[in-house]
Amino acid sequence: MSNKTIAFIGTGNMSYAIIGGMIKNGFAPQSIIATNRNQDKLAKVAADFQVQTTSDNNQALRDADVIVLSVKPQMMAELCQSFIDSGVDFSDKLFISVAAGITVARLRAMLAQKVKMVRCMPNTPCLLGRGVCGLYGEDISCEEREYVTKVFSATGIATWVEQESQINDVIAVTGSSPAYFFLFMEAIEEKAKALGFSDEQARQLVQQTALGAAEMAVSQPDISIAQLRANVTSKGGTTHAAVEHLKSQHLHSTVAGAMDACIARAEEMEQEI
Ligand SMILES: NC(=O)C1=CN([C@@H]2O[C@H](COP(=O)(O)OP(=O)(O)OC[C@H]3O[C@@H](n4cnc5c(N)ncnc54)[C@H](OP(=O)(O)O)[C@@H]3O)[C@@H](O)[C@H]2O)C=CC1
Ligand SMILES: O=C(O)[C@@H]1CCC=N1
């Protein structure tokens with residue numbers, strides 16, 4: 001199975017990140033096909049990673065063993081219908097959908113076949129091999145599960161969940177959460193600029209601090225994140241004043257509420273799409 005060809009249908013932000021992670025971690029470029037309707041994006045992924053590219057989705061469907069569905073959820077039904085209309089026999093292909101808010105049952109209905117299906121919930125740090133992917137599969141063999149694990153382990157951490165509903169929890173915890181961190185970084189950057197730092201200084205200061213904080217957590221797994229935070233917080237000092245302000249603004253419940261909103265939206269999309 002590891003010699004199989006994998007086709008990414010729709011090469012936008014997420015496929016680009018997954019392909020980048022795969023290439024950095026030893027997957028052969030000739031085993032990867034990227035499709036897109038936008039030629040500029042195909043030119044970029046070909047130039048950056050030397051993978052095969054085509055704007056013909058049906059060609060990729062025919063040539064690949066594994067088909068990654070990576071268009072926006074609202075585009076998925078139209079894409080699946082085009083596969084049905086192509087006349088290509090895809091009954092034995094392994095499908096992987098990275099789309100939020102579309103269940104296995106719905107994807108199979110769109111494809112009008114009970115195909116082997118994996119749902120994957122990745123995040124964009126896959127590009128650097130620092131991603132997290134939640135995986136859920138139906139009717140896949142042990143060999144296929146191993147292959148999928150190998151693909152997504154190349155992009156970071158890959159973890160299987162037992163219940164499909166847990167994919168929505170993964171979205172809240174890791175799929176969408178790079179955006180929460182970026183939002184926090186944006187807020188610090190904005191205030192740094194207001195304090196008089198240049199745009200370049202503000203960007204450097206915030207990104208280096210975020211990187212340092214993340215590396216502190218990763219490199220010291222025996223120290224809780226709460227303790228790492230406490231280690232910065234001198235009694236009666238400056239950090240204490242800042243942290244108390246964040247707590248008084250209900251940061252924890254705000255974040256929990258944001259994650260609940262994320263899950264609720266995924267559930268809503270399951271009904272809409
Ligand atoms: N971005 C993220 O962080 C994450 C995204 N996802 C999921 O990944 C999927 C893709 O998201 P993302 O990469 O952000 O979206 P993008 O819009 O960046 O990428 C989708 C790409 O698919 C192309 N496309 C649309 N329809 C077709 C078609 N019929 N044939 C070929 N190409 C097509 C689009 O072209 P065009 O540019 O012309 O529109 C676009 O380049 C979504 O389902 C999303 O839920 C999951 C986890 C994280
Ligand atoms: O915002 C979205 O819907 C997608 C899924 C997770 C991250 N981006």
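## Strands 4, 5 and 6

Two strands count as paired if DSSP finds at least two bridges between them. In this predicted model, strand 5 (residues 94-97) has F95, which stands opposite M117 in strand 6. Strand 6 spans residues 116-121 and pairs with strand 5 in the parallel sense, over four bridges. The connection from strand 5 to strand 6 passes through helix 5 (residues 104-111), and this β-α-β crossover is right-handed.

Strand 5 also pairs with strand 4 (residues 66-69), again in the parallel sense and over four bridges. Within this pairing, V68 has I96 of strand 5 as its bridge partner. Helix 4 (residues 76-86) joins with strand 4 and strand 5 in a right-handed β-α-β unit. The side chains of strand 5 divide between two directions: L94 and I96 point one way, F95 and S97 the other, and all of them are buried.

## Strands 1, 2 and 3

Strand 1 (residues 6-9) and strand 2 run parallel and are joined by four bridges. F8 has A34 in strand 2 as its bridge partner. Together with helix 1 (residues 13-24), these two strands form a right-handed β-α-β unit.

Strand 2 pairs in the parallel sense with strand 3 (residues 52-54) as well, here over three bridges. T35 is matched with T54 of strand 3 as bridge partner. Helix 2 (residues 39-49) completes a right-handed β-α-β unit with strand 2 and strand 3. Strand 2 itself, residues 32-35, is covered on both faces: I32 and A34 are buried on one side, I33 and T35 on the other.

## N57, an annotated position

Which residue does UniProt list for "binding site"? The unreviewed entry gives N57. In the model N57 belongs to helix 3 (residues 57-63). Is N57 buried or partly exposed? Its relative accessible area is 21%, so N57 is partly exposed, given that buried means under 20%.

The side chain of N57 makes a polar contact of 2.7 Å with the side chain of T35. Leaving aside residues up to four places away in sequence, N57 touches I9, T35, L79 and F83.

## R108 in helix 5

R108 sits in helix 5. R108 has a relative accessible area of 10% and is therefore buried. Its side chain makes a polar contact with the side chain of D139, at 2.7 Å.

With residues up to four places away in sequence not counted, R108 touches Q113, K114, V115, K116, M117, E138 and D139. One of these, M117, is the residue in strand 6 opposite F95.

## G134 in strand 7

G134 is found in strand 7 (residues 131-138). Because its relative accessible area is 0%, G134 is classed as buried. The residues touched by G134, not counting those up to four places away in sequence, are R119, C120, M121, T159, I167 and V170.

How far apart are G134 and D199 in space? From C-alpha to C-alpha the distance is 36 Å, and the two residues are 65 residues apart in sequence.

## Domain layout

The domain assignment divides the chain into domain 1 (6-162) and domain 2 (177-269). The C-alpha centres of domain 1 and domain 2 lie 32 Å apart.

Technical notes: Residues are numbered from 1 along each chain as its sequence is written. Chains are lettered from A and ligands numbered from 1 in the order in which they are written. This is a predicted model: local features need pLDDT of at least 70, side-chain atom pairs count only at pLDDT 80 or more; totals for chains, interfaces and linings use all residues. Side-chain values use heavy atoms; hydrogens and water are left out. UniProt positions are given in the numbering used here, feature names are shortened, and annotations may be inferred rather than shown by experiment. Buried means under 20% relative accessible area, exposed over 50%, partly exposed in between (1.4 Å probe, protein chains only). Contact means heavy atoms within 4.5 Å. A polar contact is a pair of N or O atoms within 3.5 Å; within protein, one must be able to donate a hydrogen and the other to accept it, and residues adjacent in sequence count only if both atoms are side-chain atoms. A crossover is right-handed if, with the strands pointing away from the viewer, the path from the first strand over the helix to the second runs clockwise. Domain bounds come from an automatic or database domain assignment.
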